[in-house]
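This report describes one protein chain for a reader at the bench. Please consult the sequence and the model alongside the text.

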Amino acid sequence: MNKLFLFIFLLYGGLLWAQNDSTQNQGEVLTGEIVIEKDKKIILPQADKIFIRSTPRSFGNDPLNQSFNVQEPKFEWPDYKTDVSHQQVSEPYPLSAYDDYIKLGYGNYKSPLMEVGLFQTFGLWDSGVKLFYESFASGPVNEENSENSIGKVDVSFALDQESFSITPMLSFYSKEYRFFGNTNRFYDEFDSAIPDDSRLNHFMLSTALETGNESIDFYLKPVFTLTNQDINPENSRNNESAVGLESRLEYDIDKAFNLGIDITGNTASYDGGIKYNRSLININPWVGHKGESFNARAGFVVASSSFDDSSKTGFYPKARITYDISPDWSVYGKISGGLSWNSLEEILNENEFMDDSLSILSTEDEFSVGGGINGNPISTLRLDVSLTHSSLNGLLFYVPSLGDSARYTLTYDAETVAMTTFRSNVSFMPTSSSTYGASLEINGYSVESLDKPWHKPAYIFKAYTSHNIQEKFIASAYLTSMGGIRAPANVDFGYLKLKAFMDVGIGLKYLINDRSSVFIDVNNLLNNEYERYLGYPTRGLAFKIGGQYRF
């Protein structure tokens with residue numbers, strides 16, 4: 001599969017250069033390695049019940065340097081110039097005149113914050129460097145046993161010419177947390193006085209290339225990533241190295257018609273208790289029509305994936321139609337299918353409390369159909385409503401690990417999962433200095449071999465507002481609510497429905513002058529203790545006070 005992926009990539013690149021003058025495979029787990037026979041199905045471990053955690057292992061009392069807890073909601077307060085999509089404020093406070101900045105803050109839970117942005121121009125190249133660090137010295141369970149932090153470094157360069165642009169990027173972050181768990185709730189043998197220190201490191205290197213003329217556009221972005229998770233430096237848990245590709249070639253036949261081809265692919269090697277290679281490629285040729293009130297794009301996807309020696313290839317439709325029923329309203333419909341990549345990094349950022357020996361499969365969208373309507377009921381209000389039904393294979397679910405019930409592992413439904421999703425988004429900007437927005441997502445799942453769609457929320461609701469007051473104050477607020485999450489419990493309980501939660505945050509920024517500002521941010525204003533994943537409560541009310549200086 002890797003050779004096929006490389007051959008298609010080279011062939012596709014050569015063509016661009018010239019133009020520019022059935023079934024899901026399953027198997028069994030034996031002796032710590034996945035053994036796959038080509039003509040047999042891979043039967044992956046199921047874990048629908050919680051087992052009592054084994055005695056925790058001690059790795060010493062080394063000080064914790066970096067840690068993190070991705071489940072803790074965090075509100076990123078935007079810069080002043082993008083806080084509200086209103087007209088740019090005139091003098092004397094044009095903060096956009098100063099790009100370089102340093103931001104410092106400190107809050108309860110002993111939580112320092114530092115962020116630095118440096119932006120320079122070297123000849124034709126624009127460059128940017130961003131540094132970020134934040135840590136919490138205590139947390140919701142036994143205080144010092146649930147500390148965490150994150151450090152990030154992002155470096156980018158950009159060369160933007162009239163018909164050519166290239167953007168190299170490098171990113172690295174290290175997230176670390178104490179593996180605390182919720183003491184004496186269901187795991188009587190769990191002793192959080194001896195917590196594990198877990199670290200996630202992720203490195204990414206990419207280059208985006210875009211070129212074209214009046215009739216041809218070409219985009220190419222290769223990506224290389226390294227992801228590893230460990231418990232202290234000497235104890236590796238999950239490791240993955242991957243190469244990805246995004247590419248697009250588009251040709252305008254005339255003003256009304258165009259055609260193109262999109263190619264995406266990934267190949268990765270996983271090592272963490274078990275070892276395997278996997279890869280995925282999607283090839284999507286299409287033809288499009290652009291009219292005054294009618295736009296359409298139709299094509300098909302040829303998708304192929306491999307997991308060690310097993311492979312799968314399929315053909316899927318892909319089309320979208322948009323019709324403007326009036327100057328202010330449009331209706332749209334779409335059908336789609338294909339294979340989507342699931343990376344180790346995405347999994348660990350969604351749920352960092354993972355065990356090793358993860359069987360990471362691609363998710364197959366056998367067929368999706370949906371549609372919606374969007375428009376402007378009034379000039380300052382934007383509304384988008386849609387409904388989609390999908391048939392999915394290889395959809396990820398999180399369940400407690402068989403070896404350690406306080407950690408999670410991946411499982412899959414043995415049959416196709418039917419998923420129906422309703423989405424609505426609304427944004428309202430009554431004045432040039434105020435904005436409001438809200439989104440609602442409702443999901444329904446039909447599972448066969450699993451008891452419930454474990455840890456998938458039935459609904460997610462988000463709302464926000466921001467106001468520029470007399471050019472010197474920026475007041476913001478957000479609300480996040482999630483519910484309908486069910487988690488497998490021990491045999492006495494069957495399953496638990498996690499308590500629906502509402503997280504509210506507020507922020508205020510005061511602009512001292514054209515270079516300096518001070519801020520206060522408050523997360524979880526209602527001081528709710530809730531769990532996104534069973535056994536891991538979030539922190540209560542958390543605030544941060546600080547300032548920012550531009551130069």
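## Gly123 and its surroundings

Gly123 counts as exposed because its relative accessibility is 70%; exposed means over 50% relative accessible area, buried under 20%, and partly exposed in between, with a 1.4 Å probe and protein chains only. Gly123 belongs to the loop between strand E4 (111-122) and strand E5 (125-136). Helices (H or I, at least four residues) and strands (E, at least two) are DSSP runs, numbered from the N terminus. The C-alpha atoms of Gly123 and Leu159 are 9.5 Å apart, with the two positions 36 residues apart in sequence terms.

The model is predicted, with local features requiring pLDDT of at least 70 and side-chain atom pairs pLDDT 80 or more, while totals for chains, interfaces and linings use all residues. Residues are numbered from 1 along each chain as its sequence is written, and side-chain values use heavy atoms, leaving out hydrogens and water.

## The chain as a whole

The chain contains three helices and 28 strands. It has 551 residues, of which 47% count as buried. About 26600 Å² of the chain is exposed, and carbon and sulfur atoms supply 57% of that area; accessible areas come from the Shrake-Rupley method with a 1.4 Å probe, and for residues only the protein chains shown count as cover.

## Strands E21, E22 and E23

Strand E22 (residues 459-469) pairs with strand E21 (residues 434-446) in the antiparallel sense, over nine bridges. Two strands pair if DSSP finds at least two bridges between them. Within this pairing, Gly437 has Tyr464 in E22 as its bridge partner.

E22 also runs antiparallel to strand E23 (residues 473-483), to which 11 bridges join it. Phe461 stands opposite Ser481 in E23. E22 and E23 form a hairpin with three residues between them, and Gln470 in the turn has a positive phi of about 55°. In a regular strand, side chains alternate between the two faces of the sheet.

## Aromatic pairs

The structure holds 10 aromatic pairs. Rings of Phe, Tyr and Trp (its six-membered ring) pair if their centres lie within 6.5 Å; planes under 30 degrees apart count as stacked, over 60 as edge-to-face and the rest as tilted. One of the pairs is Tyr177 with Phe353, which is edge-to-face at 5.3 Å centre to centre, with 90° between the planes. This pair links distant parts of the chain, 176 residues apart: Tyr177 lies in strand E7 (residues 164-179), and Phe353 in the loop between helix H3 (344-350) and strand E16 (363-375). Tyr177 and Phe353 are both buried.

Tyr270 and Tyr276 form a stacked pair, 4.9 Å centre to centre and with 25° between the planes. These two residues, Tyr270 and Tyr276, are buried as well. Tyr536 joins Tyr177 and Phe353 in one aromatic cluster.

## Lysine side chains

Two lysines sit over aromatic rings, as judged by NZ of Lys or CZ of Arg lying within 6 Å of the ring centre and within 35 degrees of the ring normal. The charged end of Lys152 is 5.9 Å from the centre of the Phe132 ring. Lys175 lies over the face of Tyr173, 4.7 Å from the ring centre.

Lys290, in strand E12 (residues 274-290), counts as partly exposed because its relative accessibility is 39%. Setting aside residues up to four places away in sequence, Lys290 touches Asp252, Lys255, Ala256, Asn258 and Asn295, where contact means heavy atoms within 4.5 Å. Between Lys290 and Asn258, 32 residues apart along the chain, the C-alpha separation is 8.2 Å.
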